[in-house]
Amino acid sequence: MTKEKYGKECKICARPFTVFRWCPGTRMRFKKTEVCQTCSKMKNVCQTCLLDLEYGLPIQVRDTGLSVKDEVPKSDVNKEYYTQNMEREIANSDGTRPVGQLGKAPSSSDMLLKLARTTPYYKRNRPHICSFWVKGECKRGEECPYRHEKPTDPDDPLADQNIKDRYYGINDPVADKLLKRASTMPRLDPPDDKSISTLYIGGLGDTVTDGELKSHFYQFGEIRTITIVQRQQCAFIQFATRQAAEMAAEKSFNKLIINGRRLTVKWGRSQAARGKEGIKEGVSEMGTRLDPVPGLPGALPPPPALDEEAPANYFNLDPGTAPSVINITLPPPPGINPPPPGFGPPMFHPMAHMAPPMPPPMSMRPPGQIHYPSQDPQRMGAHAAHGSRHGE
């Protein structure tokens, strides 16, 4: 690395500054600082690539994610006055936090965390393309320090970049590409119903327990209930406040990993919405019409209204008729062999309808009615016995 004090002027504030020049590695081009330390500290960017030091993103993407408005003046006189004030503020600070509007901005953003580059990007250190090789006139061969590759399309917007536009965060083609990628990324918008404070967690499997879910979500607010549906491998987490649920959804969407499983985070639905969007007759949950299945019984009729004053009729018997005869064949007592078929007493005698009906057994009689043989008026000798008792 070489150091040249007051070697060049800054490309932003046009003041002389100390230039550092070095080679980042083998078969790489030499790099040097492009802006002074004051300009880099005002924006918290690298002096060479002008990318944010915390996220590795262009300034326009960083300012959009943090909702920071650029306040650096463009005219020479105002720029000099602003730079002197910022130098005084940088000298009075401890150097751990940015200054100006960037120091007052929130510390992090989910969009920036998703777009941030976590691995080094060594392609930016590659040498430029050899213009002689493009024209077919390079005679250095493998000793040429430049790349022998086909150049990119000149109409590509990434081929036209300006260092001032990158610093001020305007008309940056790299930032426009990243912002378009961020707009197409999935996001979880909170529902309009403010009464919903429940999150749906899917893809639990058999290893995730309610204790592990509680240990992750308790940091966002008070948890009212945690319900795990093991059959569907999902859980419902209800927070005490809507603010805690929104924070949990924002911090956990697309980045919740427990026991090596990436879990799905969605908002729950209200009871009213579930009632309206419930499964209709012949319509599935997705709204598709289902074909009727042949052979299934129809809907049962509604039960009749119960009348407390009406007598209980458990066997649907006509109350105006006498109880019917029910002939039940009882098994023989133990030790006695049953008669062979054809020799036993007939179950239904052909003249049974002429004989007086036999009283039904006690277990088959309707409730509320008790039959005594002595009270049967058709019983033989009933009147005589009754008269003899009166004569006595």
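In this predicted model, Ile 201 has contacts well beyond its own stretch of sequence. With neighbours within four places in sequence left aside, Ile 201 is in contact with Leu 213, Phe 217, Gln 233, Cys 234, Ala 235, Ile 237, Leu 256, Leu 263, Thr 264 and Val 265. Ile 201 also belongs to the largest nonpolar core, which has 21 residues. Within that core, Leu 199, Ile 201, Leu 213, Phe 217 and Phe 239 touch the most other members. Two or more residues each come from β4, α9, β6, α10 and β9. Helix α10 gives the largest share, four residues. Nonpolar side chains tend to be buried together in soluble globular proteins. A second core lies apart from this one. It holds 19 residues, among them Cys 36, Ile 59, Tyr 82 and Ile 90.

Strand β4 also takes part in a sheet. Four strands make up this open sheet, in the order β5-β6-β4-β9, with antiparallel pairing. Its edges are β5 (223–229) and β9 (264–267), each of which pairs on one side only. On average, neighbouring strands are turned by 20° against each other, direction ignored. Strand β4 (residues 198–202) and strand β6 (residues 234–239) run antiparallel and are joined by five bridges. Opposite Tyr 200 stands Phe 236 in β6. Two helices pack on the sheet. Helix α9 (residues 210–217) touches β4, β5 and β6, and its direction makes about 145° with that of β5. Helix α10 (residues 242–252) touches β4, β6 and β9, and its direction makes about 145° with that of β9. In a regular strand, side chains alternate between the two faces of the sheet.

Helix α3 offers a check on geometry. What span should its 17 residues (residues 76–92) have at 1.5 Å a residue? The expected value is 24 Å. The end C-alpha atoms of α3 are 25 Å apart, which agrees. The buried residues of α3 are Lys 79, Tyr 82, Thr 83, Met 86 and Ile 90. Seen down the axis of α3, these buried residues fall within an arc of 105°, so they line one face of the helix. The general rule is that an α-helix has 3.6 residues a turn, so residues three or four places apart point the same way. Val 77, Tyr 81, Ala 91 and Asn 92 are exposed on the other side of α3. The packing partners of the buried residues of α3 are α1 (37–43) and α7 (163–168). Two of these buried residues, Tyr 82 and Ile 90, are members of the 19-residue core.

At the start of the chain, is strand β1 (residues 2–9) well covered or hardly covered? Strand β1 is hardly covered, and the count of buried residues among its eight residues is zero. Strand β1 still pairs with strand β2 (residues 16–22), in the antiparallel sense and over five bridges. Lys 3 has Phe 20 in β2 as its bridge partner. The two strands form a hairpin with six residues between them. Ala 14, in the turn, has a positive phi of about 65°.

Totals for the chain complete the account. The protein chain has twelve helices and nine strands. Of its 392 residues, 26% count as buried. Among contacts in the protein chain with a separation of 6 or more, residues 24 or more positions apart account for 54%.

Methods: Residues are numbered from 1 along each chain as its sequence is written. This is a predicted model: local features need pLDDT of at least 70, side-chain atom pairs count only at pLDDT 80 or more; totals for chains, interfaces and linings use all residues. Side-chain values use heavy atoms; hydrogens and water are left out. The expected span of a helix is 1.5 Å times one less than its number of residues. Buried means under 20% relative accessible area, exposed over 50%, partly exposed in between (1.4 Å probe, protein chains only). The arc is that of the directions from the helix axis to the C-beta atoms. Contact means heavy atoms within 4.5 Å. Two strands pair if DSSP finds at least two bridges between them. Axes are lines fitted to C-alpha atoms, for helices over the stretch in contact, and angles run from 0 to 180 degrees between N-to-C directions. A nonpolar core is a set of buried Ala, Val, Leu, Ile, Met, Phe, Trp, Tyr and Cys residues joined through side-chain atoms within 4.5 Å.
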